Amino acid sequence: MNITVPSARTSTRRQAAFTFVEVVMAAAVMAVAFASIFAIMTCGLFIDQTSRENARATEIMLGKMEGVRLYSPTQLTNTTLLVRSFTNWFSETNNIGMPNAQGYGIQYTGMVTFASVAFSTSYSSNMQKVTVNIGWTSGGQGTMAHTRSMSTFYANQGLYNYVWTNGH
């Protein structure tokens, strides 16, 4: 009786493995997936930064507008109180709210302008249109210019008169 034991080399069982083409295709699919994830993350961070810059620009414009609302008609023409041309920073560190403010990050430059109202009524001669324009450049290397504008009307018998004359 002759018994033979199969050796490891002559095994009848076949080893399952991936072919080279399958490995290359899987690597290509993974590369595309990771590239897409990183592109989405980069785009999301860019949109987040742009939103922060817009929010800061709105904050600066609202600060100027709130100040204008409380000035008397004679104070509106005082360029010491209401600086017509201003510079603010994304993050102010020194002299906050003053014309010589210092800070870091994006630099915002703006102007406050006054104009006659575009309508004709009995009280239009006592009103002015106030516009705050602001601009900044962003995009890492300073390649994207942005501008925003906010306007309101100022009446000589408006909020200032109510708060400071009738309220106190």
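Helices are taken here as DSSP runs of H or I with at least four residues, numbered from the N terminus. On that basis Arg 52 and Asp 48 both belong to helix 1, where four residues, about one turn of the helix, separate them. The model in which this pair occurs is a predicted one.

The protein contains three helices and four strands. Read from the N terminus, these elements follow the order α-α-β-β-β-β-α. Of its 168 residues, 20% count as buried. The accessible surface amounts to about 12300 Å², and carbon and sulfur atoms account for 60% of that area. When contacts between residues at least 6 apart in sequence are considered, 51% of them join residues at least 24 apart.

Helix 1 consists of 51 residues. From its first C-alpha to its last, helix 1 reaches 76 Å, close to the 75 Å expected at 1.5 Å a residue. Its buried residues are Thr 50, Glu 53, Arg 56, Ala 57, Ile 60, Met 61, Lys 64, Met 65 and Val 68. Charged side chains are therefore included among the buried positions of helix 1, as Arg 56 counts as buried at 14% relative accessibility and Lys 64 is buried with a relative accessible area of 19%. The value for Lys 64 meets the criterion for burial because buried means under 20% relative accessible area.

The largest nonpolar core has 18 residues, of which Tyr 108 and Ile 134 touch the most other members. Two or more residues of this core come from each of helix 1 (20–70), strand 2 (102–115), strand 3 (127–138) and strand 4 (144–155). The largest contribution is that of helix 1, with five residues. In soluble globular proteins, nonpolar side chains tend to be buried together.

The surroundings of Ile 134 were examined with its neighbours within four places in sequence left aside. Ile 134 is then in contact with Ala 57, Ile 60, Met 61, Phe 86, Tyr 108, Thr 109, Gly 110, His 146, Thr 147 and Arg 148. Among these partners, Ala 57, Ile 60 and Met 61 also appear among the buried residues of helix 1.

Two further positions of helix 1 were considered in the same way. Met 65 is located in helix 1 and is buried, with a relative accessible area of 5%. Apart from its neighbours within four places in sequence, Met 65 is in contact with Val 130, Thr 131, Val 132, Met 150, Ser 151 and Thr 152. Met 65 and Val 112 lie 47 residues apart in sequence, and their C-alpha atoms are 9.1 Å apart in space. Lys 64, also found in helix 1, is in contact with Phe 86 and Val 132 once neighbours within four places in sequence are excluded. Val 132 is thus a contact of both Lys 64 and Met 65.

A search of the whole structure finds three salt bridges. Side chains of opposite charge can pair when their charged atoms come close. Arg 52 forms a salt bridge with Asp 48, the closest N and O atoms being 3.2 Å apart. Arg 52 counts as partly exposed at 47% relative accessibility, and Asp 48 is likewise partly exposed at 35%.

A salt bridge also joins the side chains of Glu 59 and Arg 56, with an N to O distance of 2.4 Å. Glu 59 and Arg 56 are separated by about one helical turn, because they stand three residues apart in helix 1. Arg 56 is buried, at 14% relative accessibility.

Arg 69 and Glu 66 form a salt bridge through their side chains, at 3.2 Å from N to O. Their separation in helix 1 is three residues, so about one helical turn lies between them. Arg 69 is partly exposed at 39% relative accessibility, and Glu 66 is partly exposed with a relative accessible area of 41%.

A nonpolar patch on the surface is formed by Met 30, Phe 34, Ile 37, Phe 38 and Met 41, which together have about 520 Å² of accessible area. Ile 37 is placed in helix 1 and counts as partly exposed, at 43% relative accessibility.

Methods
Residues are numbered from 1 along each chain as its sequence is written. This is a predicted model: local features need pLDDT of at least 70, side-chain atom pairs count only at pLDDT 80 or more; totals for chains, interfaces and linings use all residues. Side-chain values use heavy atoms; hydrogens and water are left out. A nonpolar core is a set of buried Ala, Val, Leu, Ile, Met, Phe, Trp, Tyr and Cys residues joined through side-chain atoms within 4.5 Å. Buried means under 20% relative accessible area, exposed over 50%, partly exposed in between (1.4 Å probe, protein chains only). Contact means heavy atoms within 4.5 Å. Patches are made of residues with over 30% relative accessible area and no salt bridge: like charges are joined within 9 Å, nonpolar side chains (Val, Leu, Ile, Met, Phe, Trp, Tyr) within 5 Å. Accessible areas come from the Shrake-Rupley method with a 1.4 Å probe; for residues, only the protein chains shown count as cover. A salt bridge is a side-chain nitrogen of Lys or Arg within 4 Å of a carboxyl oxygen of Asp or Glu. The expected span of a helix is 1.5 Å times one less than its number of residues.
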